[in-house]
Amino acid sequence: MLTYVFEHNGKPLYEQVYDNIKEDIVAGRLRPGEKLPSKRSFAGNNGISTITIQNAYDQLIGEGYIYSIPKKGYYVSDILEMNRIPRESRVSYDIEIPKDRESYDVDLSSNAVNPDTFPFSIWARMSRETISSQKKELMEVSPTGGIRALRSAIADYLRSFRGMLVDPDQIVIGAGTEYLYSLLIQLIGSDREYCIENPGYKILANIYRQHRIDCKYIPMDEYGIRIPELHQSGADIVHISPNHHFPSGITMPASRRYEVLAWANEKPGRYIIEDDYDSEFRPNGKPLPTLFSIDACERVIYMNTFSKSLTPTIRISYMILPVHLANRFYSQLSFYACTVSTFEQYTLAAFIRNGYFEKHINRMRLYYSRQRKRLIESIEKSPIREHCRIIENQSGLHFRIRLDTELSDEAVSRALAEKGIKIQAISEYYLTDEKPDAHDFIINYSDVDVKAMPAVWETMNLILGGENK
């Protein structure tokens with residue numbers, strides 16, 4: 001007869017019975033085929049109820065540790081093929097996980113947002129109001145393209161502040177642009193020829209590579225992607241950031257934009273993927289018109305994200321499809337579930353609809369404009385001004401500095417890293433073997449402590465000045 005000692009530790013009795021029997025089975029003290037006590041005798045022997053034993057037996061049956069034969073009783077299953085890992089054991093395998101980003105005293109490459117600038121109190125209030133007023137909607141599964149409320153809010157915002165006329169049903173919401181790129185590849189086809197700017201966003205190249213697409217890399221000049229090489233590439237789809245290219249910071253002029261549109265209109269099936277990732281933060285004047293807004297032939301797919309305008313951790317992005325592609329999306333890919341939680345979608349929709357997003361953008365434009373100005377002034381007042389030239393185009397959240405040095409870009413980055421300062425060169429973003437040492441470095445100022453920068457410039461000056469001695 002099985003006899004166990006049960007503890008008054010808050011754990012239900014049936015779970016304690018279950019744990020003890022399971023442990024005896026796994027340890028081999030109860031052998032396969034061995035009959036277990038009846039519920040009545042087991043309960044009487046241990047001074048507990050038959051319902052407790054029934055619940056424990058039902059759990060063991062559900063997990064395959066025992067089985068029952070009607071009118072005969074309960075028996076131990078043969079679990080020889082189950083993993084017999086002791087309950088208190090720990091395992092450690094040689095699994096290589098990429099290291100987290102190394103810690104630096106100053107990181108000039110980070111796209112993080114200063115926590116003090118995020119509207120936490122308003123976001124919390126929108127969240128509470130969403131929970132209290134939209135309980136039914138929060139329990140409904142989001143449509144594949146995202147909830148209508150958010151898509152409508154985005155369409156209204158784009159009409160008011162970007163001059164874009166968009167049907168909400170053209171908008172597809174997703175958890176990050178990387179996910180939306182993958183959807184686009186499935187929508188347009190992996191058998192097409194894709195090309196991206198060089199230098200460019202390396203993660204984008206990796207996404208295309210993972211989809212087994214042999215992506216072509218088109219060089220750039222001071223106006224953006226080069227049109228002759230685009231024609232020569234044989235590409236069907238070109239992926240560009242005309243309003244503020246990363247990493248060069250180039251803004252494509254109107255003449256080059258119309259050349260790219262003309263390329264797309266030359267042959268059926270050509271598309272332009274317009275990545276407008278940080279266009280809201282143009283310090284002076286209104287944001288530049290999008291390619292999407294001047295496209296009359298349904299050739300432009302527009303991409304944007306709230307990662308720059310709110311925070312990278314929010315992971316909400318969207319794309320706007322030409323009408324015929326939107327119809328194709330819902331015809332072929334509507335089996336996909338929206339990857340953004342309904343709760344977050346309704347909260348963001350309320351945040352936009354009530355005007356808080358507009359106010360946040362205006363406040364952040366002023367904040368970043370001042371941040372940019374103070375950072376540039378700190379360079380101009382520092383000794384490093386003798387060894388660098390500032391290259392900026394009054395757009396986005398980063399600019400470039402060109403260093404006067406004989407050191408390689410890698411040597412400069414390594415020397416600064418040893419001093420706790422992270423900086424990345426434009427050459428690190430070239431996607432081909434040819435990586436010119438132009439000595440252009442990215443200064444991302446979205447989360448930089450300007451007060452700490454004089455020491456950074458002093459350190460940089462010592463490195464470059466020591467080279468010239």
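1. Let's start with strand β11, residues 317-320, in this predicted model. Which of its residues are buried on each face? On one side they are Ser 317 and Met 319, and on the other Tyr 318 and Ile 320. Both faces of β11 are therefore covered, as buried here means under 20% relative accessible area.

2. The pairing of β11 is worth a look as well. Strand β4 (residues 171-174) runs antiparallel to β11, and four bridges join the two. Strand β10 (residues 300-305) is also antiparallel to β11, again with four bridges.

3. Tyr 318 is a handy place to centre your view. Its bridge partner in β4 is Ile 173, while Asn 304 of β10 is also a bridge partner of Tyr 318. The side chain of Tyr 318 belongs to the face of β11 that Ile 320 shares, and both residues are buried.

4. Now to the charged pairs. How many salt bridges does the structure hold? The count is 21. Side chains of opposite charge can pair when their charged atoms come close. The next points go through a few of them.

5. Arg 151 and Asp 169 make a salt bridge whose closest N and O atoms lie 2.8 Å apart. This pair links distant parts of the chain, with the two positions 18 residues apart: Arg 151 sits in helix α6 (residues 148-162), and Asp 169 in the loop between α6 and β4. Is Arg 151 buried or exposed? Arg 151 is buried, because its relative accessible area of 6% falls under the 20% cut-off. Asp 169 counts as partly exposed, at 35% relative accessibility.

6. Asp 24 and Arg 29 also meet through their side chains, in a salt bridge of 2.7 Å from N to O. Here the acidic partner is the buried one: Asp 24 has a relative accessible area of 12%. Arg 29, at 48%, is partly exposed.

7. For Arg 385 and Glu 386, the closest N and O atoms of the salt bridge are 3.7 Å apart. The pair still counts because the cut-off is within 4 Å. Arg 385 is partly exposed, with a relative accessible area of 43%. Glu 386 reaches 56% relative accessibility and so counts as exposed, the limit being over 50%.

8. Finally, please have a look at the network. Which residues are linked in a network of salt bridges? They are Asp 221, Glu 229 and Glu 259, together with Arg 226 and Arg 256.

Note on methods. Residues numbered from 1 in each chain as written. Predicted model: local features only at pLDDT ≥ 70, side-chain atom pairs only at ≥ 80, totals over all residues. Heavy atoms only, no water. Buried < 20%, exposed > 50% of the residue type's maximum accessible area, 1.4 Å probe, protein only. Pairing = 2+ DSSP bridges.
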